[in-house]
Amino acid sequence: MALKLERRMEPSRTANILVPILSIVLALVAGGVLLLIVGVNPLETYSAMVQGAFGSAYSISETLVRATPLMLTGLAVSIAFRMLFWNIGAEGQLAMGAFAASGVALFLPKAVPGISAWVLLPLMLVAGFIGGALWGLIPAALKAFLNVNEIITSLMLNYVAILWIQYLYYGPWRDPLGFGFPGTAPFTETAWLPRLKDTEWLPQLFNTGRLHWGLVLAIVAAILVWLILDRTRWGYEIKIIGENSRAARYAGISIVRNILLVMIISGGLAGLAGFVQVAGISHRLQQGIVVGDGYTAIIIAWLARLNPFGVLIVAVLMAALFVGGDQIQITMGLPAAVALVLQGAILFFVLGGNFFTQYRIRWTSRQAIAPAEAQ
């Protein structure tokens, strides 16, 4: 008898639902073993993390604040992954979106004194989208015209973008009144994304704290991505290219055009994440804008099975890991990196689970394998 890997003709719908859930459970078990090794009760630790992320109205609002850029970057990589274009560059695209939006916020009010927030914020949004889209077009063009591996180019461009914004807020854009701290001058209040608690006509169901309209933007983006992918001809073309690019080319679908268009949308969505961070939270371009959301987005996309609405839910859960990690650092004296360990474990088990949704293991006799190999 021998083990044989056999590709499934069609992945089970039940497996597609259960595997992400089982992946998270196994990751928590693996994380619990590590916590036991260092002498910490895993149940107490996980309880403290849940309490820190969802234990109060303020905690919930902070979790949603943390989830907002994860939603947008998760959507960004999801739409590219749907076409099997491996966009690993959402981190850099977020940075370039933050750079472009900050440029508008810093210099346009000086050029046009008294400019209204109703004009300035949409221009910042558009600039953020364009900044991310143009950065995403670089690996797209290299792939489309020169067949350069997009994993390498998009990944390497992350470092270029991060170093570029560091150069700006350490150098020419540095706040002269910042007492040496890295960052630009604060934006004028007209460049601040409004917080939900300051919106008079919106019902205040609970204390929303720092939660801003970027969350609404992310939800609207998810709806639009769903409409594009599942309700349009273009979305069908993207799906066909992802499943079989040769068949798509034979059917007359332009691979080059779709790679470029998809990466405009993908990079633009990641750029919007940069916009909401500088306009909604920091109100300046500074250190701490880029904290790994573009990489976390990859885990989110796979856990959500590239479903836009699933991305919103998984982004909240992933944000809860980070907020809960900060909580256990305060209350239990544990390093916040516990959340990163769990994140890595989740990715490991998700990749393993994805393998078993695509393949099955069968016991076969060696006599049955030999004729097949001979053919």
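In this predicted model, Thr153 touches Pro139, Leu142 and Val148, leaving aside residues up to four places away in sequence. Thr153 belongs to helix H6 and is buried, its relative accessible area being 13%. A second residue of helix H6 is Asn158, for which the relative accessible area falls to 0%, so Asn158 also counts as buried. Around Asn158 the contacts are Ile88, Gly89, Ala90, Glu91, Gly92 and Tyr295, again without residues up to four places away in sequence.

Beyond helix H6, the chain enters the loop between H6 and H7, where Leu177 is found. Leu177 has a relative accessibility of 67% and therefore counts as exposed, the cut-off being over 50%. Leu177 and Glu6 are 171 residues apart along the chain, and 64 Å separates their C-alpha atoms.

Helix H7 comes next in this account. Its 18 residues, 214–231, should span 26 Å at 1.5 Å a residue, and the end C-alpha atoms are 25 Å apart, in agreement with that expectation. The buried residues of H7 are Gly214, Leu215, Leu217, Ala218, Ala221, Ala222, Val225 and Leu229. Because these residues cover an arc of only 150 degrees around the axis, they lie on the same side of H7. The cover over them includes helix H3 (57–81), helix H5 (117–146), helix H8 (233–243), helix H10 (255–282) and helix H12 (308–331).

Helix H8 has its own set of buried residues, namely Trp234, Gly235, Glu237, Ile238, Ile240, Ile241 and Gly242. These pack against H3, H7, helix H9 (245–250) and H10. Helices H3 and H10 thus appear both in the cover of the buried residues of H7 and among the packing partners of the buried residues of H8.

Charged pairs offer another view of how the parts of the chain are connected. Side chains of opposite charge can pair when their charged atoms come close. Across the whole structure, a search finds 6 salt bridges. In one of them, Arg210 pairs with Glu62, with 2.8 Å between the closest N and O atoms. Since Arg210 sits in the loop between helix H6 (150–170) and H7 while Glu62 sits in helix H3, this pair ties together parts that are 148 residues apart in sequence. Arg210 is partly exposed, with a relative accessible area of 30%, whereas Glu62 is buried at 13%.

Helix H3 takes part in another salt bridge through Arg66, whose side chain meets that of Asp293 at 2.9 Å, N to O. Here, too, distant parts of the chain are linked: Asp293 is in helix H11 (residues 293–303) and Arg66 in helix H3, 227 residues apart. Both Asp293 and Arg66 are buried.

A further salt bridge joins Asp230 and Arg82, with the closest N and O atoms 3.6 Å apart. Asp230 is in helix H7 and Arg82 is in the loop between H3 and helix H4 (90–111), so this pair, too, ties together parts that are 148 residues apart in sequence. Asp230 is partly exposed, at a relative accessible area of 35%, while Arg82 is buried, at 19%. Arg233, Glu237 and Arg257 are joined into one network by salt bridges that share partners. Within that network, Glu237 is also one of the buried residues of H8.

The surface of the model carries a feature of another kind. Ile17, Leu18, Ile21, Leu22, Val25, Leu26, Val29, Val33, Leu34, Ile37, Val38 and Val341 form a nonpolar patch, and together they have about 1100 Å² of accessible area. Helix H1 (residues 13–37) gives the most to this patch, with 10 residues. Val341, by contrast, belongs to helix H13 (residues 338–358). With a relative accessibility of 42%, Val341 counts as partly exposed, because that value lies between the 20% and 50% cut-offs.

Key:
Residues numbered from 1 in each chain as written. Predicted model: local features only at pLDDT ≥ 70, side-chain atom pairs only at ≥ 80, totals over all residues. Heavy atoms only, no water. Helix = DSSP H or I, 4+ residues; strand = E, 2+ residues; numbered from the N terminus. Expected span 1.5 Å × (residues − 1). Buried < 20%, exposed > 50% of the residue type's maximum accessible area, 1.4 Å probe, protein only. Arc of directions from axis to C-beta. Contact = heavy atoms within 4.5 Å. Patch = residues over 30% accessible without salt bridge, like charges linked within 9 Å, V, L, I, M, F, W, Y side chains within 5 Å. Areas by Shrake-Rupley, 256 points an atom, 1.4 Å probe, with all protein chains shown as cover. Salt bridge = Lys/Arg side-chain N within 4 Å of Asp/Glu carboxyl O.
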